[in-house]
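Student: Please take one part of this model and go through it closely. I would like the charged pairs examined, and then whatever surrounds them.

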Amino acid sequence: MNLYLEKIYFKSPIFLQNIVTSVYGYKLYCERYIGNYDKYLKQLLESQWYNKDEIKQIVERSFISISYHAIRNVPFYQELVQTGKVRPNDIKGISDIEKLPIISKEQIRENPEYFLANGFKKKDLITINTSGTTGKTLK
């Protein structure tokens with residue numbers, strides 16, 4: 001939270017703090033549950049009964065779909081194609097993951113927008129912090 005807003009919050013009367021907390025909680029609820037939540041929950045509930053082959057098919061389709069989306073829309077992957085390091089037609093399944101480079105946290109920290117798909121605005125995204133095992137924050 002912004003330091004200035006935090007000071008205002010703590011100096012406000014309790015009833016106002018309760019209102020602010022409720023509004024913020026509603027905002028978080030909307031971010032989490034409004035939109036595609038029901039669709040994804042339904043898929044998840046159905047997929048728990050899939051056999052090994054069905055899961056493998058989903059993984060293959062998802063990987064190919066995500067890879068093509070990244071190549072078309074994410075500057076990092078677009079550059080890989082432009083420099084000839086990756087060819088879109090080479091991605092045919094999950095086994096082709098080896099053709100994609102490993103991305104370090106440092107690369108993402110240095111230029112996070114470089115890994116953001118076209119059409120998304122940084123201000124519209126939900127920010128989550130993680131430190132993982134290194135102790136350095138990654139947003």
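Tutor: Arg-109 and Glu-106 form a salt bridge, with 2.9 Å between the closest N and O atoms. The model is a predicted one. Both residues belong to helix α6, where they sit three residues apart, about one turn of the helix. An α-helix has 3.6 residues a turn, so residues three or four places apart point the same way. Arg-109 is partly exposed, at a relative accessible area of 25%, and Glu-106 is also classed as partly exposed, at 34%.

Over the whole structure, a search finds four salt bridges. Another of them joins Lys-42 to Glu-46, with the closest N and O atoms 3.9 Å apart; the cut-off for such a pair is 4 Å. Lys-42 and Glu-46 are both in helix α3 and, because they are four residues apart, about one helical turn separates them. Lys-42 counts as exposed because its relative accessible area is 53%, and the limit for that class is over 50%. Glu-46, at 39%, is partly exposed.

A further salt bridge links Lys-99 with Asp-96, the closest N and O atoms lying 3.3 Å from each other. Lys-99 is partly exposed, with a relative accessible area of 40%. Asp-96 has a relative accessibility of 10% and is therefore buried, the limit being under 20%. Asp-96 lies in the loop between α5 and α6. Apart from neighbours within four places in sequence, Asp-96 contacts Phe-63, Asp-90 and Ile-91. The C-alpha atoms of Asp-96 and Phe-63 are 9.4 Å apart, although 33 residues separate the two in sequence.

Lys-92 is also placed in the loop between α5 and α6. With a relative accessible area of 61%, Lys-92 is exposed. Setting aside residues within four places in sequence, Lys-92 is in contact with Glu-60 and Ile-64. Lys-92 and Ser-67 are 25 residues apart in sequence, and their C-alpha atoms are 9.6 Å apart.

Two of the contacts of Asp-96, Phe-63 and Ile-91, lead to the nonpolar core. Phe-63 and Ile-91 are members of the largest nonpolar core, which has 12 residues in all; the others are Ala-70, Ile-71, Val-74, Phe-76, Tyr-77, Leu-80, Val-86, Leu-100, Phe-115 and Ala-117. Helices α4 (52–73) and α5 (75–82) each supply at least two residues of this core. In soluble globular proteins, nonpolar side chains tend to be buried together.

Val-86, a member of this core, touches Ile-71, Leu-80, Val-81, Lys-99 and Leu-100, when residues up to four places away in sequence are not counted. Lys-99 is thus a contact of Val-86 as well as the salt-bridge partner of Asp-96.

Helix α5 has Phe-76, Tyr-77 and Leu-80 as its buried residues. They are on the same side of α5, because the arc they cover around the axis is only 90°. These buried residues of α5 pack against α4 and α6 (105–110), and α6 is the helix that holds Arg-109 and Glu-106. After α5 comes Gly-84, which has a positive phi, near 80°.

Helix α3, which holds Lys-42 and Glu-46, also contributes to a nonpolar patch on the surface. The patch, of about 690 Å², consists of Tyr-26, Tyr-29, Tyr-33, Ile-34, Tyr-37, Leu-41 and Leu-45. At least two of its residues come from α2 (14–33), and at least two from α3 (37–47). Ile-34 is located in the loop between α2 and α3. The relative accessible area of Ile-34 is 51%, so Ile-34 is exposed.

Gln-17 is in helix α2 as well, but Gln-17 is buried, with a relative accessible area of 12%. Beyond neighbours within four places in sequence, Gln-17 contacts Tyr-9, Phe-10 and Ser-12.

Note on methods: Residues are numbered from 1 along each chain as its sequence is written. This is a predicted model: local features need pLDDT of at least 70, side-chain atom pairs count only at pLDDT 80 or more; totals for chains, interfaces and linings use all residues. Side-chain values use heavy atoms; hydrogens and water are left out. Patches are made of residues with over 30% relative accessible area and no salt bridge: like charges are joined within 9 Å, nonpolar side chains (Val, Leu, Ile, Met, Phe, Trp, Tyr) within 5 Å. Accessible areas come from the Shrake-Rupley method with a 1.4 Å probe; for residues, only the protein chains shown count as cover. A salt bridge is a side-chain nitrogen of Lys or Arg within 4 Å of a carboxyl oxygen of Asp or Glu. Buried means under 20% relative accessible area, exposed over 50%, partly exposed in between (1.4 Å probe, protein chains only). A nonpolar core is a set of buried Ala, Val, Leu, Ile, Met, Phe, Trp, Tyr and Cys residues joined through side-chain atoms within 4.5 Å. Contact means heavy atoms within 4.5 Å. The arc is that of the directions from the helix axis to the C-beta atoms.
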